[in-house]
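Work through the exercises below with the sequence and the model side by side. Try each task before reading its solution.

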Amino acid sequence: MVQSFLDLDEAQAKFTNLTGGQIPIMDQFNDRLITSIDYIKTASSLTEQLGVNAAAVFSPDTLASASEMVKTMGMTQEQANKAAIMSQVNGKSIDSMNKSLK
């Protein structure tokens, strides 16, 4: 349990160093198969890739979906980032894009 708190603190510190802000706690809560740590890591990765605060650009649902793709589908973080970017460009959620591919 202590390690989880340390991992969460590390992820939050990285995001804060990148953006100067923090992700609201309520945005981190989800009904998906990811932790807050996974969520923050995805937001940090997208922030690094785009050079802007991903939490301000992407919806909490998009960040959670991208995190879930890494955690459950075995995608790399870069692949999930591309899916998040495409969903933003298309104006559709990642989940709806995935459903349309079936």
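**Exercise 1: A place on the surface**

Ile-25 lies in helix 2 (residues 25-28), where helices (H or I, at least four residues) are DSSP runs numbered from the N terminus. This is a predicted model, in which local features need pLDDT of at least 70 and side-chain atom pairs count only at pLDDT 80 or more, while totals for chains, interfaces and linings use all residues. Residues are numbered from 1 along each chain as its sequence is written, and side-chain values use heavy atoms, with hydrogens and water left out.

Task: decide whether Ile-25 is buried, partly exposed or exposed, and find which residues make a nonpolar surface patch with Ile-25.

Solution. Begin with the scale: buried means under 20% relative accessible area, exposed over 50%, and partly exposed in between (1.4 Å probe, protein chains only). Ile-25 has 49% relative accessibility and therefore counts as partly exposed. Next, look for its partners: Ile-25, Met-26 and Phe-29 make a nonpolar patch of about 360 Å². Such a patch joins nonpolar side chains (Val, Leu, Ile, Met, Phe, Trp, Tyr) within 5 Å, from residues with over 30% relative accessible area and no salt bridge. Finally, check the confidence, given as pLDDT on a scale from 0 to 100: the protein averages 90, but helix 2 has the lowest mean, 74, whereas helix 3 (residues 36-50) has the highest, 95.

**Exercise 2: One helix and its buried face**

Task: compare the span of helix 6 (residues 77-90) with its expected value, and say where around the axis its buried residues fall.

Solution. The expected span is 1.5 Å times one less than the number of residues. For the 14 residues of helix 6 this gives 20 Å, and the end C-alpha atoms are 20 Å apart, which agrees. The buried residues of this helix are Ala-80, Asn-81, Ala-83, Ala-84 and Ser-87. Seen down the axis of helix 6, they fall within an arc of 160°, so they line one face of the helix; the arc is taken from the directions from the helix axis to the C-beta atoms. Just after helix 6, Gly-91 takes a positive phi of about 75°.

**Exercise 3: Salt bridges around an arginine**

Task: which residues are linked with Arg-32 in a network of salt bridges, and which parts of the chain do its pairs with Glu-68 and Asp-95 tie together?

Solution. A salt bridge here is a side-chain nitrogen of Lys or Arg within 4 Å of a carboxyl oxygen of Asp or Glu, and by this rule the count comes to six. The network links Arg-32, Asp-61, Glu-68 and Asp-95. Take Glu-68 as one partner: its closest N and O atoms with Arg-32 are 2.8 Å apart. Because Glu-68 lies in helix 5 (residues 60-73) and Arg-32 in the loop between helix 2 and helix 3, this pair ties together parts that are 36 residues apart in sequence. Both ends are buried, Glu-68 with a relative accessible area of 17% and Arg-32 at 16%. Then turn to Asp-95, whose side chain meets that of Arg-32 in a salt bridge of 2.5 Å, N to O. Asp-95 lies in helix 7 (residues 94-101), so its pair with Arg-32 ties together parts that are 63 residues apart in sequence. Asp-95 is partly exposed, with a relative accessible area of 26%.

Technical notes: Patch = residues over 30% accessible without salt bridge, like charges linked within 9 Å, V, L, I, M, F, W, Y side chains within 5 Å. Areas by Shrake-Rupley, 256 points an atom, 1.4 Å probe, with all protein chains shown as cover. Helix = DSSP H or I, 4+ residues; strand = E, 2+ residues; numbered from the N terminus. pLDDT = per-residue confidence, 0-100.
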